[in-house]
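Colleague: I'd like a close look at one part of this model, if you have a minute. Could you walk me through it?

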Amino acid sequence: MTHLRSKKVSNHRSRRAALAVALGSVLALTATACGDGGSGTGGDKGSEGSGKGEIVFWDNNGGVRTDIWKEIIADFQKANPDIKVEYVGIAATEYQSKVDTAIQGGGLPDVGGVGAAMAAGFAAQGALEPLDGRLSKSPLNGELNEAMVESLKSAGGGEALYSIPTSANNGVLYYRTDLFKAAGLDEPTTWDTFYKAAEKLTDKDENKFGYTIRGGAGSIAQALDAMYGQSGITSFWDSSGEKTTVNDPKNVAALEKYVGLYKKVTPAADLNNDFTKMVAQFDSGTIGMLNHNLGSYQDHEKAFGDKFRGIPQPSGPGGKRVQVSNPVDGLGMFKSSKNKEAAWKFIEFALSHEENSKFNESAGQVPANNDAAKDEWIQQAEPTKLAAAALTDGSTSIVQLPYYLPDWNTISKADNEPAFQKVMDGQTSAKEFLDSLADQLNKAQAEWNEQKG
């Protein structure tokens with residue numbers, strides 16, 4: 001057992017070291033080279049191409065966003081009849097591994113979803129085309145939300161922009177207004193009222209639960225949101241910038257309380273539930289509250305009509321709301337593309353006012369295009385309106401997660417989601433889990449600082 005653990009740690013560090021070395025070689029704009037259709041590896045420099053013909057687009061949230069992307073693609077092809085876009089939808093849980101495999105073995109698309117959580121890892125492997133120069137000459141220049149642009153630039157390492165933002169998400173607490181009213185409960189705007197409601201709305205004999213907790217894929221981000229929201233800590237790193245605050249005693253106590261909800265006021269199935277199963281469970285009508293993001297708003301609207309609300313996360317100490325940053329999503333161009341001119345045309349089109357508004361209305365997210373963010377539908381979609389306000393009106397402190405670390409996505413998913421499940425079912429303490437997570441993060445931060453220094 002010790003040998004296997006040591007081997008895993010060694011491989012993990014080797015991968016980090018390889019990524020760090022790769023990062024040093026890809027921070028400048030790269031020249032183009034000739035080749036064939038979008039099937040290269042991460043080291044293939046690609047070419048500008050003719051601006052016509054076929055390009056391949058990988059959707060990083062296939063299934064959930066397939067219909068709206070196909071609509072945008074149809075609009076694009078109508079406006080650009082000499083370009084054909086091949087759509088490939090990949091589930092969000094599989095996307096990183098698919099891209100990593102293609103970087104090593106070939107078959108990368110021309111364009112793909114590149115959100116903040118994955119930008120550093122892909123860029124460090126030399127797979128992404130820097131887009132600063134193209135954006136500066138584009139009609140989009142100055143038309144996109146500057147904070148989203150800077151967020152993606154920082155996530156990619158800070159030296160170049162590897163992804164053009166499409167949207168911003170935000171954590172949302174969805175709750176059943178009809179169930180709250182029947183139980184005489186106050187709106188769950190604070191963590192105290194949240195916990196009180198979770199307990200009062202639970203009746204296990206009737207298969208009714210106050211809350212559904214995320215134990216499957218994506219569990220770490222939700223746990224961090226609950227921790228920092230309750231502790232009131234507003235920075236992911238201490239004043240030195242070298243040690244994470246995840247295992248601060250206040251965060252440990254917050255996680256203990258949050259995980260204590262499992263099976264007490266939540267279904268036992270939550271141990272393995274990802275967001276799709278949680279949303280389906282909530283929409284079945286037997287659960288009072290759900291933490292997710294803006295993306296599931298329309299599902300709840302179809303299920304409940306006006307019998308639910310989606311509000312920003314509860315406030316904590318002193319009435320201050322603290323949330324961890326949700327990764328900005330975007331579109332990146334893979335360096336191996338043999339038709340970069342056509343690929344950029346597609347990215348530009350998708351980020352235009354009309355198309356970006358259409359995408360985000362479907363997704364229920366905050367548009368990156370400034371004109372799209374002013375459209376009427378946002379005023380009518382309450383969770384999106386409230387989320388946009390929470391991000392801009394000073395009421396919320398955002399704990400910026402270190403998306404710039406090449407290993408962030410691996411640490412926060414594959415390496416620790418199974419460990420979090422052990423906390424939920426009582427095999428590991430919250431302190432042991434957070435101390436281990438902190439150790440991994442501190443080492444990754446040290447390697448990053450050394451590389452940057």
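Colleague: Which helix gives the most to the lining of the second largest cavity?

Modeller: That's helix 4, with four residues in the lining. Bear in mind that this is a predicted model. The structure holds two cavities of 30 Å³ or more, and the second largest has a volume of about 40 Å³. Helix 3 (92–105) and helix 4 (116–124) are the elements that each give two or more residues to that lining. In total 10 residues line the second largest cavity, and those nearest its centre are Gln96, Met118, Gly121, Phe122 and Pro406. Sorted by class, the lining has four nonpolar, four polar and two charged residues.

While you have the model open, have a look at the rings too. There are 24 aromatic pairs in the count. One of them is Phe57 with Phe346, a tilted pair with 5.4 Å from centre to centre and 55° between the planes. Phe57 is in strand 1 (residues 53–59) and Phe346 is in helix 13 (residues 340–350), so this pair ties together parts that are 289 residues apart in sequence. Phe57 counts as buried because its relative accessibility is 1%, under the 20% cut-off. Phe346 is buried as well, at 0% relative accessibility. Both rings belong to a cluster linked by ring pairs, which also takes in Trp69, Phe76, Tyr87, Phe349 and Phe359.

One more ring to click on is Tyr195: the charged end of Lys257 sits over this ring, 4.4 Å from its centre.

Key:
Residues numbered from 1 in each chain as written. Predicted model: local features only at pLDDT ≥ 70, side-chain atom pairs only at ≥ 80, totals over all residues. Heavy atoms only, no water. 1 Å grid on protein atoms, 1.4 Å probe; cavity = no way out; pocket = protein on both sides within 12 Å on 5 of 7 lines; lining within 4 Å. Points joined across faces, edges and corners; volume = space filled by probe spheres on them. Nonpolar A, V, L, I, M, F, W, Y, C, P; charged D, E, K, R; others polar. Phe/Tyr/Trp six-rings, centres within 6.5 Å; stacked < 30°, edge-to-face > 60°. Buried < 20%, exposed > 50% of the residue type's maximum accessible area, 1.4 Å probe, protein only. Lys NZ or Arg CZ within 6 Å of the ring centre and 35° of its normal.
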